[in-house]
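User: I am new to this structure and should be grateful for a close look at one part of it. Please define each term as it arises.

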Amino acid sequence: MAYAYDELYLRQARTSLARMLDYAVNDLGFELEDFWKLFLTSGVAKKFGEGDCSLIAGRSGVEIAYIVLENSGIPNQYIKPKYTSNRSKEYWTGWAIAWYQWKKGLSFEAITALVPISDIRALYNPYHEMDIRQFEDRLDEECNKTRCKK
């Protein structure tokens, strides 16, 4: 399978997407679903998923959140991020979906059309303590169930 970007960038991409969601929800106060919708419609998700190096390796998650807001016509709030040692459910959600998107070569929009972002976050327990491949298998199952229903 041809990936959108080299595996060398995957760790940074996962961290950036994780931090973007964590910052948007826990610092800026957005609901996960609302910010995810902005991410998808702003054009940022498409560029990220295609491996735009200015996003996957050239920006922090906080900067990506600001790009999403700017592209969505929402004034930047410039709230100082709280870098806590604990990782939130939203952080894990971004980290996990970035892996799945890279591994499967699907768009973020296609993935969350089958399994909503809030359902992915709900997988935090127990999957945040497991190998990412177990999350991948579970999301494959969820995607296949949804396809069958349509």
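The request and its answer follow.

Which residues of helix α2 are buried, and what do they pack against?

Analyst: This is a predicted model, in which local features need pLDDT of at least 70 and side-chain atom pairs count only at pLDDT 80 or more, while totals for chains, interfaces and linings use all residues. Residues are numbered from 1 along each chain as its sequence is written, and side-chain values use heavy atoms, with hydrogens and water left out.

Helix α2 spans residues 32–41. Helices here are DSSP runs of H or I with at least four residues, strands are runs of E with at least two, and both are numbered from the N terminus. Within α2, the buried residues are Leu-32, Phe-35, Trp-36, Leu-38 and Phe-39. Buried means under 20% relative accessible area, exposed over 50%, and partly exposed in between, with a 1.4 Å probe and protein chains only. Viewed along the axis of α2, these buried residues lie within an arc of 155 degrees, so they line one face of the helix; the arc is taken from the directions that run from the helix axis to the C-beta atoms. An α-helix has 3.6 residues a turn, so residues three or four places apart point the same way. On the face of α2 turned away from its buried side are the exposed residues Lys-37 and Thr-41.

The buried residues of α2 pack against α1 (10–26), α3 (44–49), α5 (61–71), α6 (89–104), α7 (108–114) and α8 (117–121). Phe-35 shows some of this packing in detail: apart from neighbours within four places in sequence, Phe-35 is in contact with Met-20, Leu-21, Ala-24, Phe-30, Ala-65, Val-68 and Leu-69. Contact means heavy atoms within 4.5 Å.

Phe-35 and Phe-39 also belong to the largest nonpolar core, which has 47 residues; together with Met-20, Phe-48 and Phe-135, they have the most contacts inside it. The greatest share of this core comes from α1, which gives eight residues. A nonpolar core is a set of buried Ala, Val, Leu, Ile, Met, Phe, Trp, Tyr and Cys residues joined through side-chain atoms within 4.5 Å. In soluble globular proteins, nonpolar side chains tend to be buried together.

Two of the helices that pack against α2, namely α1 and α5, also meet each other. Their axes come within 7 Å and cross at roughly 60 degrees. The contact brings together Ser-16, Arg-19, Met-20 and Tyr-23 of α1 and Gly-61, Val-62, Ile-64, Ala-65, Tyr-66 and Val-68 of α5. Axes are lines fitted to C-alpha atoms, for helices over the stretch in contact, and angles run from 0 to 180 degrees between N-to-C directions. The crossing of α1 and α5 is right-handed, as is that of α1 and α6; a crossing is right-handed if the near helix is turned clockwise from the far one by less than a right angle, and left-handed if anticlockwise. For α1 and α6, the axes are 7 Å apart and the angle is about 145 degrees.

In α5, the buried residues are Gly-61, Val-62, Ile-64, Ala-65, Tyr-66, Val-68 and Leu-69. Among the elements covering them are α1, α2, α3 and α4 (53–56).

The ends of these helices deserve a word. Gly-43, which follows α2, has a positive phi near 90 degrees, and Gly-73, just after α5, has a positive phi of about 75 degrees. Most residues other than glycine have a negative phi, and most peptide bonds are trans.

The loop between α5 and α6 contains Ser-72. Because its relative accessibility is 26%, Ser-72 counts as partly exposed. Outside its neighbours within four places in sequence, Ser-72 is in contact with Leu-38 and Ser-42. Leu-38 is one of the buried residues of α2. Pro-81 also lies in the loop between α5 and α6, and Pro-81 is buried, with a relative accessible area of 19%. Not counting residues up to four places away in sequence, Pro-81 touches Arg-19, Tyr-23, Asp-27 and Val-62. The C-alpha atoms of Pro-81 and Tyr-23 are separated by 6.5 Å, although these residues are 58 apart along the chain.
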